[in-house]
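Subject: Structure handover

Hello,

Please find the structure below, followed by notes on what was found in it. Keep it open while you read.

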Amino acid sequence: MSNENENRMNFTRRKLLLGGAATAATMLIRSVYGQVIQSSVTENELSYTDPTKIPGPPPGELGTRSMFEHPLKKPSDTSSRTPLQDLYGTITPSDLHYERHHGGVPVIDPGKYELLIHGMVEKPMVFTLLDLKRFPSVTRTCFIECSGNFRGSNERATPQDVCGLTSQSEWTGVMLSTLFREVGVKPNATWFLAEGMDAAVMTRSVPVRKAWDDAMIVYAQNGEAVRPEQGYPARLLLPGWEGNANVKWLRRIELSDQPFMTREETSKYTYPVRDGKIRQFSFEMDARSIITYPSYPQSIEKGWIEIRGIAWSGWGRIVKVEISTDAGKTWAPAALQGPVLEKAHTAFRYLWNWNGEATAILSRAADETGYVQPTLKALKEARGSDMGGYHLNPITAWNIKGMDRYCSVLVNTVDRN
Amino acid sequence: MPLNAPGSLTDKEVYSLAAYILHANQLIDSAVVLNKISLPKIAMPAQEAFIADDRKGGPKVK
């Protein structure tokens, strides 16, 4: 019997054992890191044949993902979350970038696109997309994170569930300061309104100082035109600031000497702090980290494990990520993957020799301002127990429950020291 | 507004709806007529509670 036939017979036998399931079955496979993990397999994968015996398809016009890879965003009625546990490095593939919009994704003809800049300026101007592309182009890599990016108190939450409303791209566009010089922003203008052309007509007020610092209007994402879900054909980019203020499908900017008090900066995107006060215009995203491997619902084996994850801060660079493998009693520094960019997802890794006993693993990030990622308890102490759901960045722990040779990993975001 | 037909209300309908919601929350009397002059004069109760963001990075959790 040839090897090919033998393989076929093995697959057929396995298929029979699996009850001839037409699509997904579950099997244990050994990963390239030597860990045994559970994986679902499709009919196509079961009938896999020797690739050295069949010519593959010819060159094509558009690449596709491997038929064996199925990373997916996780949509709800209001958002769609990035599968952080399925990603490597720090760039989010454009089709896996998280989505949050308030009136759906608009269809905008780039030939008809216009951006108006007016208000307290010397010379109100309208820019077409071609106009924007004629200005000096700048490229930078940074994350965008929704300020409502926290889901706790669920033992069956994956990294995608806990904080999948953060994604990172390489963005290309024009510095907003370049356009502001073009229209002649008046010295007494301190705020600008950014308005989108979606069905929500999203509006946010942004301090002018952000434009002189690092704000951009971007028309490209990861080497191609910005995706519709991320603001095609052009959006505002405010590196490190809460996602909502990075207005997508941008059509108008109005300069003023005061904020406009829109719905999204009064009723929404504000949160109670102590003494009956409500914090408003809370823009920077504080430092945060998440272990993406191992995490729920993965299983691990006793022995050497490389703990991996990402850390980021809206205030600047990540300078340190510490790992605890004893439920928060002791901490040790993880290695950061360079180059470490400011206001950007930064990959970390930490080698751990697991003895097979139940424990919890945690990560905490520190940024260049000296800020250290807090526990949920510390956030509650600072803001009071009624602190709403915005700008929460607590340390996340994964409980590892010993279970014979294989061990289940469960999320637990309760307070830890 | 409404969510399934964005931007379809007339200005008058928007003022009327705003008046209904504000009255239902005991912020205006039922006789008040809202228009471009009267609406901006209404002080929303949360206005006094708003404070600017005091986070500046650094070791203190805020």
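Does Phe281(A) count as buried or exposed? Phe281(A) counts as buried, at 12% relative accessibility. Before going on, please note that this is a predicted model.

**Aromatic rings in chain A**

Over all chains, the count of aromatic pairs comes to nine. One of them joins Trp191(A) and Phe281(A): the ring centres are 4.7 Å apart, and with 50 degrees between the planes the pair is tilted. Trp191(A) belongs to strand E10 (residues 191-196) of chain A, while Phe281(A) is in the loop between strand E17 (278-280) and strand E18 (288-293), so the pair ties together parts that are 90 residues apart in sequence. Like its partner, Trp191(A) counts as buried, with a relative accessibility of 16%. To see why, recall that buried means under 20% relative accessible area.

A tilted pair is also formed by Trp352(A) and Trp354(A), with 6.1 Å from centre to centre and 40 degrees between the planes. Both of these tryptophans are buried.

Which residues do ring pairs link into a cluster? They are Trp191(A), Trp241(A), Phe281(A) and Phe283(A).

Another ring has a charge for company. The charged end of Arg364(A) sits over the ring of Trp331(A), at 4.0 Å from the ring centre.

**Helix H5 of chain A**

Helix H5 covers residues 176-183 of chain A, and six of its eight residues are buried, so the helix is largely enclosed by the rest of the structure. The buried ones are Leu176(A), Ser177(A), Thr178(A), Leu179(A), Phe180(A) and Val183(A). After H5(A) comes Gly184(A), which has a positive phi, near 70 degrees.

**Backbone details in the loops of chain A**

Where are the cis peptide bonds described here? One runs from Tyr293(A) to Pro294(A), with omega near -5 degrees. Another runs from Tyr296(A) to Pro297(A), with omega near 5 degrees. Pro294(A) is placed in the loop between E18 and strand E19 (299-301) of chain A, and Pro297(A) lies in the loop between E18 and E19 as well.

Positive phi values also turn up in residues other than glycine. Asp275(A) has a phi near 65 degrees, although it is not a glycine. Asp275(A) is found in the loop between strand E16 (271-272) and E17 of chain A, and it counts as exposed, at 73% relative accessibility. His391(A), also not a glycine, has a positive phi of about 55 degrees. The loop that holds His391(A) lies between helix H7 (376-383) and strand E26 (397-401) of chain A. In contrast to an exposed residue, His391(A) counts as buried, at 4% relative accessibility.

**Two distances in chain A**

Ala200(A) is in the loop between E10 and strand E11 (203-207) of chain A. With a relative accessible area of 30%, Ala200(A) is partly exposed. How far is the C-alpha atom of Ala200(A) from that of His101(A), and what is the gap along the chain? The two C-alpha atoms are separated by 8.2 Å, and the residues are 99 apart along the chain.

Lys268(A) lies in the loop between strand E15 (250-256) and E16 of chain A. Lys268(A) also counts as partly exposed, at 30% relative accessibility. From Lys268(A) to Ala378(A) there are 110 residues in sequence and 24 Å in space, C-alpha to C-alpha.

**Chain B**

The secondary structure of chain B consists of one helix and one strand. The radius of gyration of chain B is 18 Å, whereas the globule rule gives 11 Å for 62 residues; the value is well over that, so chain B is more spread out than a compact globule. Along the principal axes, the C-alpha atoms of chain B fill a box of roughly 50 × 30 × 20 Å.

How much of chain B counts as buried? Of its 62 residues, 16% do. The accessible surface of chain B is about 4800 Å², and carbon and sulfur atoms account for 61% of that surface. Chain B has 7 positive and 6 negative charges, and the mean positions of the two sets are 9 Å apart.

Regards

Technical notes:
Residues are numbered from 1 along each chain as its sequence is written. Chains are lettered from A and ligands numbered from 1 in the order in which they are written. This is a predicted model: local features need pLDDT of at least 70, side-chain atom pairs count only at pLDDT 80 or more; totals for chains, interfaces and linings use all residues. Side-chain values use heavy atoms; hydrogens and water are left out. Helices (H or I, at least four residues) and strands (E, at least two) are DSSP runs, numbered from the N terminus. The radius of gyration is taken over C-alpha atoms; the globule rule is 2.2 Å times the number of residues to the power 0.38. Buried means under 20% relative accessible area, exposed over 50%, partly exposed in between (1.4 Å probe, protein chains only). Accessible areas come from the Shrake-Rupley method with a 1.4 Å probe; for residues, only the protein chains shown count as cover. Lys and Arg count as positive and Asp and Glu as negative; His and the chain ends are not counted. The place of a charge is taken as NZ of Lys, CZ of Arg, CG of Asp or CD of Glu. Rings of Phe, Tyr and Trp (its six-membered ring) pair if their centres lie within 6.5 Å; planes under 30 degrees apart count as stacked, over 60 as edge-to-face and the rest as tilted. A charge sits over a ring if NZ of Lys or CZ of Arg is within 6 Å of the ring centre and within 35 degrees of the ring normal.
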